[in-house]
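Biologist: Hello, I am new to this one. Please take me for a close look at a single part, the interface, and explain the terms as you go.

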Number of protein chains: 2
Amino acid sequence: MAGTNTDLVIQLRQAILFQRIRTIPELSRVLSASFPTVKKHLDLLIAHGEIDEQVSELSNGGRPAKQYQYRAEYAQGLALYLELDAIGFQIFDAVGTNLSFGTEPVEKNQPHVPALIRLIHRLLEQNPHISFLSVGVAASVENGQVFFAPDYPSLQQVDLKGVLASQFDVPVVVENDMNAAVIGFHEGHQRSQQSLIYLYLGKNGPGSGILINGQLVRGSSHFAGEISVVPQYDKKTFGQAIARRQTALDPQTIDAISRLTTTFAATLNPHLLIFNGSEVTEHDLEQIRSKTAEYIPEAHIPLLIRSHWETDYLNGLTRLGLQLLTEQPLSANRRTSS
Amino acid sequence: MAGTNTDLVIQLRQAILFQRIRTIPELSRVLSASFPTVKKHLDLLIAHGEIDEQVSELSNGGRPAKQYQYRAEYAQGLALYLELDAIGFQIFDAVGTNLSFGTEPVEKNQPHVPALIRLIHRLLEQNPHISFLSVGVAASVENGQVFFAPDYPSLQQVDLKGVLASQFDVPVVVENDMNAAVIGFHEGHQRSQQSLIYLYLGKNGPGSGILINGQLVRGSSHFAGEISVVPQYDKKTFGQAIARRQTALDPQTIDAISRLTTTFAATLNPHLLIFNGSEVTEHDLEQIRSKTAEYIPEAHIPLLIRSHWETDYLNGLTRLGLQLLTEQPLSANRRTSS
DNA sequence: ACTACTTATTAAAATATTTTAAAAAGTAAA
DNA sequence: TTTACTTTTTAAAATATTTTAATAAGTAGT
């Protein structure tokens, strides 16, 4: 198309969708492009059905700027997450609103990939507007390929993104569960350039997702965040120290978590440490905070907060899917029904 | 000046100086700008005396591309680093080659800032080509301001960058010593997007510098890398565990370092862990490696290597100074002698 | 030495973007 | 309600960048 800067189109979509910037003057500033250029590309997106224009009432002194926003109906995405005995899913629209969700059981010892493909087939038929997929797995993933999946032997070394993309001919993103969760939390809280760590204690050992300056830390061998093996006591790692805990956390567990908090504070010094709200109480957090203060000056302790893990996980998958949507070239991003 | 894209000028300088890209076709690819645009801005830089053009002999099939390189004589920088009882310095040219160096004693209990200013005054007079300053301190620094400097009470809360910049009217950068060291190592080894951690055991407690995906980790309260307080044993932190070591490392120290290595591998999973070559031997590294393998699978252990700390530190300061040089607007980056 | 091939450079035309100035659409106060 | 002021939007002119085609300068093989 004449006069189309693909890069700028992508940046526009992302600024409108993720940074919630709504007016041309602001878009112009944020993307450092001129008013006419921004307008021209917005017109393109409007013509393409991706964006809506609205006259607004709000003003800050002079003529109020028109508001531009992403059209929820433009596309739909499907997020799926693998569990040991089931596959959960959620369908969402182009602004990330949840439309429906459900779970599909997977037989014990049955491989996940065929079940996943069957489920996607069914959902795509029932819902022809779905145009991109986002998949979460509790395994280490690089560029859509599953590397190391101790809990899912049938996924080991599978190029999940490749398999699904060629099978369904839509954009696909595959991500580790903890990474998706930090991304989801980050998205929901608009803490753009901060560093966050998401902590999951887990039944079969803990895990974490790490975001530094807004960037995921994956590690050289996809091992980043595998905090279970961190040595903490003469004869115990973090994983061993918290293994015998009950639902109500005992002092030993509190101490182990405090030591881990100290370790993070003394290495990455993040702004925020996020706990799974169903694993720790507010009272636990207070205890962790005061115990941590015995190891390190309070000024350096990250903010300790609870969040809803599954929500964050799904938000992360949604966000990754939408990211995919924004990166599509113009006029190639719809599954045409013809 | 007509038709000058300041951003592109900066990118050109950095690509030529730091990435060692020498031909227009390559510059064009790397900066994703067209041949004519790159050529036009290069001509500007040549006219300005920053860059030299050379015809080259090398060819890869067709007409050989002209080679462009930064002119060493274009400018000089001064790097200074504060020690408890002295200030070290180094003068270097625009491609980072060391021209001269030395140290200036500072009296016990005398404040560092006046001594630093006197020294810079003297060096600038002796060497009028110096046009930018780079200062290293063993303290936490943010945006040129010294935050927390337990070893240098006279620096506490001083806006060192502001003071020097207004006093000498040249660009100034101030950085923490460990951060400068990782930057220096990274620069010298061209490992562009990898994650590195520089470990310094130290006489008065250890420290580290952390680089993730080529980005410095500073932390929310400038505490990143303060590994001394990491809990490692029932009753000992890393700092305490290595405090009583001799020049030859004992098994306890080796174990503590191995635990720290494990901790880093299980959180950031970096590619490389760099030790101060004058603090550990190759044999120590082997022991650390095999001890670490008792805590974590070998595949995830970072590469352990020794490097020369002071060289890396100075290279880092040099690099930061040159970075400053590349960021200057055109024709405002020379201390004119008129 | 000639020919075919490869790659770099230059120049001109085609496009795209920014800048500037003018017009439009609002607010707020006299 | 008018006037002064702000801010957005549009349109035109000025600039900047990319694309295209032509030219230059080399290599390698015959």
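**A look at the interface**

Modeller: To set the scene, the C-alpha centres of domain 1 of chain A and domain 3 of chain A lie 40 Å apart. The domain assignment, which is automatic or taken from a database, places domain 1 at 6-70, domain 2 at 75-180 + 312-327 and domain 3 at 190-308 of chain A. This is a predicted model, in which local features need pLDDT of at least 70 and side-chain atom pairs count only at pLDDT 80 or more, while totals for chains, interfaces and linings use all residues. Residues are numbered from 1 along each chain as written, chains are lettered from A and ligands numbered from 1 in written order, and side-chain values use heavy atoms, without hydrogens and water.

Now to the interface: 37 residues of chain A are in contact (heavy atoms within 4.5 Å) with 37 residues of chain B. The buried area, meaning the accessible area (1.4 Å probe) lost on putting the two parts together, summed over both, is about 3,000 Å², and carbon and sulfur atoms give 59% of that. A:Phe223, A:Pro231 and A:Thr267 supply 19% of what chain A buries against chain B, more than any other three residues.

What about salt bridges, where a side-chain nitrogen of Lys or Arg is within 4 Å of a carboxyl oxygen of Asp or Glu? The rule finds zero across this interface. Finally, the side of chain A that touches chain B divides into 19 nonpolar, 14 polar and four charged residues, with Gly counted as polar and Asp, Glu, Lys and Arg as charged.
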